[in-house]
Each structure stands twice: as structure tokens, then as C-alpha cells.
Amino acid sequence: MTDGRCPVSHADLAPHRLDPTGARQHAVNEELRARGAAVPVLLPGDVPGYAITRHEELKDFVTHPDVAKNACHFAALQRDELPPGWPMRTFATVRGMITADGEDHKRLRSLVTRAFTPRRVDALHPVVHELTGTLLDRLAAAAAADPDGVADLRRHFALPLPMSVICRLLGVDDQYQDRLHELSNEIVSTHTAPERVPDANREMVAILGQVAAARAKDPGDDLTSALIAAREEDGDRLAQEELIGTLMLTIIAGHETTLNLITNAVRALCNHRDQLDLVRSGTASWADVVEETLRYDGPVSYFPFRYPTRDLPVGDTVIPKGAPVLVSYTAAGRDERAYGPDAGRFDVTRGARHLSFGHGAHFCLGAPLARMEAVIALEALFTRFPDLDLAVPDEELVPHPSFVGNSPQRLPIRLG
Ligand code: HEM
């Protein structure tokens with residue numbers, strides 16, 4: 001150094017405190033990617049962890065043989081060092097494939113894969129069309145009832161569509177839908193009072209217990225009945241706790257994410273009408289819009305948790321054995337190392353592959369369903385309301401407060 005100052009290593013900077021409001025998501029992610037391949041972070045309750053935000057390193061990390069998902073590797077949990085009522089405990093300790101490794105993971109995943117067949121997804125095609133039509137009527141009614149002609153696209157369309165679809169898929173009665181969304185939202189939101197999270201968890205487990213009992217007594221052509229049947233065929237290979245954990249995971253993963261995808265796609269198209277024109281002229285497809293939105297404004301932000309089973313170097317940082325690591329799929333989607341200097345540009349003709357459905361053994365099981373829902377929803381929305389536009393300037397949109405999800409809390413629109 002010529003100026004006499006010591007070089008500053010980005011890895012030595014103070015840990016980045018995760019912002020519970022989710023503000024400036026993409027700008028913060030850019031700073032974290034610049035800081036290193038793995039950045040020390042403070043989780044809620046000042047629990048130390050790490051975040052991986054670069055595309056290549058994320059891919060390597062999630063497939064590394066010395067990286068686990070089972071919380072038996074979570075050092076602070078095992079040493080009982082987590083604050084009481086720690087709001088992220090549910091993510092670490094829910095029983096199901098998302099927190100399982102190796103053979104245990106294969107067993108749980110194969111039961112769901114067998115029940116979640118392409119035939120079952122195809123059968124949902126007409127259901128998604130019909131629900132989309134009904135919800136567009138409701139969206140129009142909501143806008144008509146507002147003195148300024150404004151409706152919240154997230155609340156009236158992007159949320160109820162995947163929620164109704166996932167409930168149909170799982171054989172959950174309509175009466176539970178709204179409550180299940182509220183509970184799921186309390187579990188993923190950073191604005192929930194920490195002491196509420198265990199209660200929300202318990203209530204969700206109780207409702208899903210009732211759903212499972214009803215389907216066991218009166219099986220239907222739904223995923224829950226199929227899971228119960230698969231369990232019986234295989235001599236109780238799926239414990240009751242795992243069945244409930246699987247239902248819970250499917251409900252949360254199946255709607256919070258698709259909701260963000262639809263919301264983010266509408267936002268991006270309103271802000272880039274030239275890209276919408278490319279779809280209208282046939283140069284690009286609705287599927288291209290969905291894939292580019294997944295990359296450009298990925299629905300899943302910081303995904304909890306993975307734990308190195310030994311001290312593990314990632315870039316120039318060594319992540320200690322047992323530390324909780326978040327991988328940021330939203331951040332990886334804008335990594336200039338992977339997508340070039342214009343990674344921050346929404347370009348539906350890009351044709352780039354993204355990691356937004358994960359990578360490796362835990363790759364999203366619901367990807368075909370999410371893609372189908374988003375394509376049908378966007379095409380129907382912009383066909384019926386070609387002049388649909390944001391009702392507020394983009395910079396006024398407030399992010400939904402969550403570490404795991406990425407989308408605005410409300411998307412006020414005018415239908416034109
Ligand atoms: C896993 C994203 C929709 C069910 C994942 C993972 C990601 C993801 C990133 C991997 C998590 C990890 O790092 O371990 C998304 C996105 C969606 C979506 C962006 C919508 C746009 C769905 C839907 C369902 C679903 C609709 C179910 C109907 C699951 C399940 C897993 C999973 C069961 C766990 C797989 C395993 O651990 O082996 N998803 N997901 N997802 N997703 Fe999705």
C-alpha cells in the first residue's frame with residue numbers, strides 16, 4: 001500500500017444485520033455480493049450466521065457433501081444458545097424433507113414425488129383457468145368499488161390464486177384457506193411478534209391435523225389422501241409428525257412463493273412496457289416473462305438454513321462448523337458474474353437459466369405447478385386488462401417484511 005493505510009478485507013467487516021423490513025433488497029444484495037462469497041450476518045435476536053449471495057458459490061454450496069439441512073447440525077440450537085421464542089426456530093425444526101438429508105430426505109421426497117404426479121398437476125390446469133377467471137371478476141369489482149379505481153393486485157389476485165390451488169391440491173376445505181394464509185404469513189413475516197410464531201405454528205399444526213384426519217376417514221383424489229395411502233402401503237414410513245410437516249411445507253412453499261412471482265412479474269411488466277409489447281407481438285412468450293421474473297426479481301430471498309458439517313471455506317471466508325447459513329436466490333439472480341453487466345435489466349428475451357427454484361437434491365418439487373399458474377394468470381390478466389398499470393410510482397412500493405420472501409406488500413393497480 002502506498003498511502004500507509006492497512007488494506008481492509010471485506011470478510012473482516014462487522015456482520016451485516018439483516019433488515020427485517022426488506023428495504024433496498026437489490027441494493028443491499030449488491031453490497032453483499034461485493035463483500036464476498038459468504039458474508040457474516042446477524043439473524044433476528046442477534047444470532048450469528050452467514051449469507052451466500054453469489055450465483056456460482058450458491059450452486060456449489062447447496063450441493064456440497066459437507067453441508068447439511070438437518071438441525072441436528074445447528075450448533076447454537078444443540079447448545080441451547082438460541083433466544084427463547086426465537087422466530088426462525090420453526091424453519092430449522094419443522095419435520096419434513098426441507099430439513100432432511102441423505103436417505104431420510106430421499107424417503108420423504110419420494111413419497112411426495114409419487115403422490116405429486118404430473119397427472120395430478122395436469123388435472124389442475126382447468127381448475128387454474130377457472131379460478132383465474134373468477135378472481136379477475138373480483139379484481140374488477142374491487143377496483144370498481146374504490147373511489148379512485150385502485151385495487152391491490154397482490155391481495156385480490158396474486159394471493160388467492162395459488163392459495164386456492166394449493167388447497168385444492170391438498171384437499172383442504174375452503175373454510176380453512178384464509179386462516180392458513182394468515183398463519184403462514186405470521187411464520188414467514190419478520191413483523192410478527194416473536195412470541196406469536198410458536199402459537200401460529202401450533203395452530204397450523206392443529207388445523208392440518210384435522211385436515212389429515214378428515215382425509216384419512218374420507219379419502220379423495222388429493223395429495224393428502226395419496227400421502228396417507230403411500231404411508232400405509234409402505235408400513236408407516238411417514239410418521240404423523242412428518243406428514244403434518246410435509247403439508248405445512250407444501251402450503252407455505254406452494255403459495256407464498258407463487259404469490260410473489262405473479263406480483264413481481266406484473267410490477268416488472270408495468271415498469272417495462274416495451275417487454276410487454278414483445279410478448280404481445282409474439283417475439284417472446286408468457287413463459288419467457290415468468291423465467292425472466294424468476295431471475296430478475298426472484299420470489300425467494302434468504303432461504304433458511306444449511307449448516308456446514310466441518311469448518312468450510314467459501315471464497316475467502318471460512319464458515320464455522322454448525323453455523324446457520326442462508327442462501328439468497330434473489331441475490332444470485334442479479335449476480336453480474338453470472339449474467340453480465342446488465343444483470344439488473346429486465347429482458348424477457350434473455351433466455352438465461354436461474355437458480356430461483358433451487359439446485360440439487362432439494363430442487364423445488366412445485367416448479368411445474370408454479371410455472372403453469374403464473375403463465376395462465378399473467379396471460380389472462382393482460383389479455384382482459386391490456387392497459388393495466390401501477391397506481392403509484394414504483395419507488396413508493398413497500399416491501400413485504402420477510403427474510404424469505406421478496407415482493408411488495410401491496411401492488412396498487414388501475415385496470416385501465
Ligand atoms: C423447494 C422455490 C413453488 C414445493 C424449493 C426451493 C426453492 C423453491 C428455492 C429450494 C429450497 C432450498 O434451498 O432447499 C419456489 C418458487 C416457487 C415455488 C420460487 C414459485 C414461484 C412451489 C410450489 C410448491 C413447492 C407451488 C408445491 C406445490 C416445494 C417443496 C420443496 C421446495 C416441497 C422442498 C423440496 C426438498 O426439500 O426436497 N422451492 N417454489 N414450491 N418447493 Fe418450491
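**Entry 1: Leucine 249**

I began with leucine 249, which is partly exposed, with 19 other C-beta atoms within 10 Å. The cut-offs I use are these: a residue is buried if 20 or more other C-beta atoms lie within 10 Å of its own, exposed if 12 or fewer, and partly exposed in between, with C-beta atoms placed from the backbone. The model is predicted, and local features need pLDDT of at least 70, side-chain atom pairs count only at pLDDT 80 or more, while totals for chains, interfaces and linings use all residues. My residue numbers run from 1 along each chain as its sequence is written.

Leucine 249 lies in helix 13. Helices (H or I, at least four residues) and strands (E, at least two) are DSSP runs, numbered from the N terminus. Setting aside neighbours within four places in sequence, I find leucine 249 in contact with Val94, Gly96 and Ile98; contact means C-beta atoms, placed from the backbone, within 7 Å. I also looked up serine 184: it is 65 residues from leucine 249 in sequence, and the C-alpha atoms are 9.6 Å apart.

**Entry 2: Ligand shell**

Which helix gives the most to the shell around the ligand? It is helix 13, with 7 residues. Helix 13 (240-271) and helix 18 (367-384) each supply at least two residues of this shell. I count 26 residues around the ligand, of which Thr257, Gly358, Cys364, Gly366 and Ala370 come nearest; a residue is near a molecule or strand if its C-beta atom, placed from the backbone, lies within 6 Å of it.

By class, the shell has 17 nonpolar, 8 polar and 1 charged residues. For the classes, Ala, Val, Leu, Ile, Met, Phe, Trp, Tyr, Cys and Pro count as nonpolar, Asp, Glu, Lys and Arg as charged, and the others, Gly among them, as polar.

I then checked proline 368, whose place is in helix 18. Proline 368 is partly exposed, with 14 other C-beta atoms within 10 Å. Its C-alpha is 7.7 Å from that of valine 121, although the two are 247 residues apart in sequence.

**Entry 3: Helix 13 against helix 15**

Two packed helices are described by the angle between their axes and the distance between the axes. The axes of helix 13 and helix 15 (residues 286-296) come within 9 Å and cross at roughly 100°. Axes here are lines fitted to C-alpha atoms, for helices over the stretch in contact, and angles run from 0 to 180 degrees between N-to-C directions. Helix 13 and helix 15 are therefore roughly perpendicular; angles under 35 degrees count as roughly parallel, over 145 as roughly antiparallel, 65 to 115 as roughly perpendicular and the rest as oblique.

From helix 13, Leu261, Asn264, Ala265, Ala268 and Leu269 make the contact, and from helix 15, Val289, Val290, Thr293, Leu294 and Tyr296. I find 8 nonpolar, 2 polar and no charged residues in the contact of helix 13 with helix 15.

Is helix 15 largely enclosed or largely open? Of its 11 residues 8 are buried, so helix 15 is largely enclosed by the rest of the structure. The buried residues of helix 15 include Glu291, Glu292 and Arg295. What they pack against is helix 13, helix 14 (273-280) and helix 18.

**Entry 4: Helix 1 and its ends**

Gln25, Asn29, Leu32 and Arg33 are buried in helix 1 (residues 25-35). Seen down the axis of helix 1, these buried residues fall within an arc of 100°, so they line one face of the helix; the arc is that of the directions from the helix axis to the C-beta atoms. The exposed residues Ala27 and Ala34 sit on the face of helix 1 turned away from the buried side. I list among the elements covering the buried residues strand 1 (16-17), strand 2 (38-43), strand 3 (47-52), strand 9 (325-328) and helix 16 (329-332).

Arginine 24 lies in the loop between strand 1 and helix 1. Its phi is positive, about 50°, although arginine 24 is not a glycine. Arginine 24 is exposed, with 12 other C-beta atoms within 10 Å. After helix 1 comes glycine 36, with a positive phi near 160°.

**Entry 5: Two more loops**

I looked up aspartate 80 in the loop between helix 3 (75-78) and helix 4 (89-93). Aspartate 80 is another residue than glycine with a positive phi, near 60°. It counts as exposed, with 6 C-beta neighbours inside 10 Å.

Alanine 100 lies in the loop between helix 4 and helix 5 (102-115). Alanine 100 counts as buried, with 21 C-beta neighbours inside 10 Å. Apart from neighbours within four places in sequence, I find alanine 100 in contact with Lys69, Asn70, His105 and Leu108.

Note on methods. Contact = placed C-beta atoms within 7 Å.
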